[in-house]
Amino acid sequence: MSPAARAETVFVNGNFLTMDADRSRVSALAVTGDRIVSVGAEAEALGEHPATTIVDVQGRTVVPGLIDAHAHIELMTYSRNFFGDVRELDADVILAQLGRQVAEAPAGTWIVLQGTFGQGFPTLSQLDAVAPDHPVAIRWSMHKYQLNSAAMRVSGISSRTVAPPGSRIQRDSSGRPTGVLEEGWDLLAWEAPVSAILAPLLEQTLREHFLANGVTTVNEVAASAAGVRAFRHLAGQRTIPRIGLALTCGPGHQALTSAEQLPALGIETGFGDDWCQIQGLKIFLDGGRDGALRSSGLSGPADGWGLLSRTPQTLAQEVTVAVEGGVQVWVHAIGDLAQEIAVSAVEQAVRANPGTPHRTRIEHLTNEMYAPERLHRLLAAGGIAVPNPGLIVAEPSDPGDRLPPGVPKYALRTLLDAGGIVPGNSDTSGAQPFTCNPWYVMGCMLTRQNKHGVVLDPAEALTVDEALSSFTRDAAYATSQERSRGTLEPGKLADFVVIDQDPYADGVDIASTRALATVVGGHVLHGSV
Ligand SMILES: [Zn+2]
């Protein structure tokens, strides 16, 4: 292509927030193919690249396409399309709704209901009374379920079943399962949809919850082979955001691969194309918030301890092999002991691979802080902490009821002050679908308010610029995509969002921002410019 090649489109009369290192604002942006070729004043952008099409943005604000660094699109799609919604409902209302579903569905049909964190659910015996012949699972989050007896029966869960490493079948004092299952979705005989059924539903989730909010890249914790196939298919159609896939490593739930497999095949982070690429590996080390491996939980019998899917040695070996093979690892670690095992694994992997670049992530680190020293060790080893500010909303009215005392929680300011970044993410599998809206999560970063109106550690709040960086620059870096995404600069992908307000303007509530048009690779995939 000659340097005088014409830009196909020049967008003019805009308030483009480039999010470059100087936070430059420009009025025009030129696009050729799927790339930005210049940004600047209108005369410059037009002069350098005479356009075939000129689009007037009418003074509106434009930001780089938003990047979600950790999402569960497939699980959320199950929740939207196959589960009944019982979020925030009382137990008796849930039972009434369940009764109606039981009356309509043939015996033996699974009924799965979606609740939310900390909600009170009907007990095993209450569920059995209403649904003796239908397997029922009610979901707090992907980490924890309340089952009825029929669900346990058809899934082969009995008093004699020993849960696999990292999961738990809770029991009463006589040893009988109570129906509460942690990290055990894979143990259930619920039949997951095949790709052909899943693909249009994933597309709908991606359009309504991601493109509609200005998200142009989503990094997904892949939940099944059918899902991977469906994402690959959709990416070929160019109608969804760009997808990065983190493949979950067994042992543990949603297992799709092992740490050795991708390096053995020569598959590194970034394998694929701009629309769908392998991001890396996801390792669930401990459980969800109730099954987190905390030192404070070790005082009673071991069947009540936090969960652990593998030994410290196994994790260190997995991270070492991945770093050597150029594969990024995301380690889920919530409790202090799990975080210690994870940080230590990163340190061992770095010692074994001196000088090898890596961006090993610890997911959820700084949601629950215990000791800032551990964060400093991770950052010194080249790792990345990925907190989830959208979960602040789910904390109880007295956050001290759940969170360990002493150090700040959702310690975003502490993380930035230590030299880290805050990669923006939704991290919901359906319990809080509203966190798929990055503007909502940015609001959480600023206000830090839970659903009871309690503000958590206000000194940890971020600024508007830091919140916007989180879903652009920081999320791009955390997914090794900063060369092609995260700012509006020449050479990068033409992914951007036209929004209805300037988030930096005085008095603006960032959470209320709406995406008027979402452009991916120069094509408008949501709204209109
Ligand atoms: Zn997650």
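**Exercise 1. Where in the fold is Pro-251?**

Find its loop, then check the peptide bond in front of it.

*Solution.* Keep in mind throughout that this is a predicted model. Step one: look between strand β16 (242–248) and helix α8 (261–265), and you'll find Pro-251 in the loop there. Step two: check omega for the bond from Gly-250 to Pro-251, which is near -5°. That peptide bond is cis.

**Exercise 2. Is Cys-276 buried or exposed?**

Work out its setting and its contacts.

*Solution.* Start with the secondary structure: Cys-276 belongs to strand β17, which covers residues 276–284. Next, count neighbours. Cys-276 has 20 C-beta neighbours inside 10 Å, and the cut-off for buried is 20 or more, so Cys-276 counts as buried. Now list what it touches, leaving out residues up to four places away in sequence: Phe-231, Arg-232, Ala-235 and Ile-243. Finally, try a distance. Phe-471 sits 195 residues from Cys-276 along the chain, and their C-alpha atoms are 19 Å apart.

**Exercise 3. Which residues have the most contacts inside the largest nonpolar core?**

Name them, then find the helix that gives the most to that core.

*Solution.* A bit of background first: in soluble globular proteins, nonpolar side chains tend to be buried together. Here the largest nonpolar core has 157 residues. Inside it, the most contacts belong to Leu-29, Val-136, Leu-281, Leu-285, Ala-338 and Ala-342. As for the helix, α10 (residues 336–352) gives the most to this core, supplying nine residues.

**Exercise 4. At roughly what angle do the axes of α2 and α6 cross?**

Describe the geometry and then the contact.

*Solution.* Take α2 as residues 73–82 and α6 as residues 195–210; their axes come within 9 Å and cross at roughly 100°. An angle from 65 to 115 degrees counts as roughly perpendicular, so that is the label for α2 and α6. Now for who does the touching. From α2 you have Ile-73, Glu-74, Met-76, Thr-77, Arg-80 and Asn-81, and from α6 Leu-201, Leu-202, Thr-205 and Leu-206. Sort the contact of α2 with α6 by class and you get five nonpolar, three polar and two charged residues.

**Exercise 5. How many of the ten residues of α13 are buried?**

Say what they pack against, and inspect the residue just after the helix.

*Solution.* Helix α13 runs over residues 438–447, and eight of its ten residues are buried, so you can call it mostly covered. The buried ones are Pro-438, Trp-439, Tyr-440, Val-441, Met-442, Gly-443, Cys-444 and Met-445. They pack against β8 (66–71), β15 (215–222), α12 (412–417) and α14 (464–478). Now step just past α13 to Arg-448, in the loop between α13 and α14. Arg-448 isn't a glycine, yet its phi is positive, at about 60°. Arg-448 is buried too, because 23 other C-beta atoms lie within 10 Å.

Try the same steps on Ser-480. This residue is in the loop between α14 and β21 (496–499). Its phi is near 55°, again a positive value in a residue other than glycine. With 20 other C-beta atoms within 10 Å, Ser-480 is buried.

**Exercise 6. Which strands are at the edges of the open six-stranded sheet?**

Give the strand order, then look at one pairing.

*Solution.* Write out the order: β3-β2-β7-β21-β22-β23, with mixed pairing. The edge strands are β3 (25–26) and β23 (523–527), since each pairs on one side only. Zoom in on β2 (residues 15–17) and β3: they pair in the antiparallel sense over two bridges. Phe-16 has Val-26 of β3 as its bridge partner.

**Exercise 7. How many residues lie between the strands in the hairpin of β13 and β14?**

Analyse this hairpin, then the one made by β4 and β5.

*Solution.* Strands β13 (residues 168–171) and β14 (residues 177–182) run antiparallel and are joined by three bridges. Arg-171 has Pro-177 as its bridge partner in β14. Five residues lie between the strands, and Gly-175 has a positive phi near 95°.

Over to β4 (residues 28–32) and β5 (residues 35–40): five bridges join these antiparallel strands. Ala-30 stands opposite Ser-38 in β5. This hairpin has two residues between its strands, and Gly-33 in the turn has a positive phi of about 60°.

Technical notes
Residues are numbered from 1 along each chain as its sequence is written. This is a predicted model: local features need pLDDT of at least 70, side-chain atom pairs count only at pLDDT 80 or more; totals for chains, interfaces and linings use all residues. Helices (H or I, at least four residues) and strands (E, at least two) are DSSP runs, numbered from the N terminus. A residue is buried if 20 or more other C-beta atoms lie within 10 Å of its own, exposed if 12 or fewer, and partly exposed in between; C-beta atoms are placed from the backbone. Two residues are in contact if their C-beta atoms, placed from the backbone, lie within 7 Å. A nonpolar core is a set of buried Ala, Val, Leu, Ile, Met, Phe, Trp, Tyr and Cys residues joined through C-beta atoms within 7 Å. Axes are lines fitted to C-alpha atoms, for helices over the stretch in contact, and angles run from 0 to 180 degrees between N-to-C directions. Angles under 35 degrees count as roughly parallel, over 145 as roughly antiparallel, 65 to 115 as roughly perpendicular and the rest as oblique. Ala, Val, Leu, Ile, Met, Phe, Trp, Tyr, Cys and Pro count as nonpolar, Asp, Glu, Lys and Arg as charged, and the others, Gly among them, as polar.
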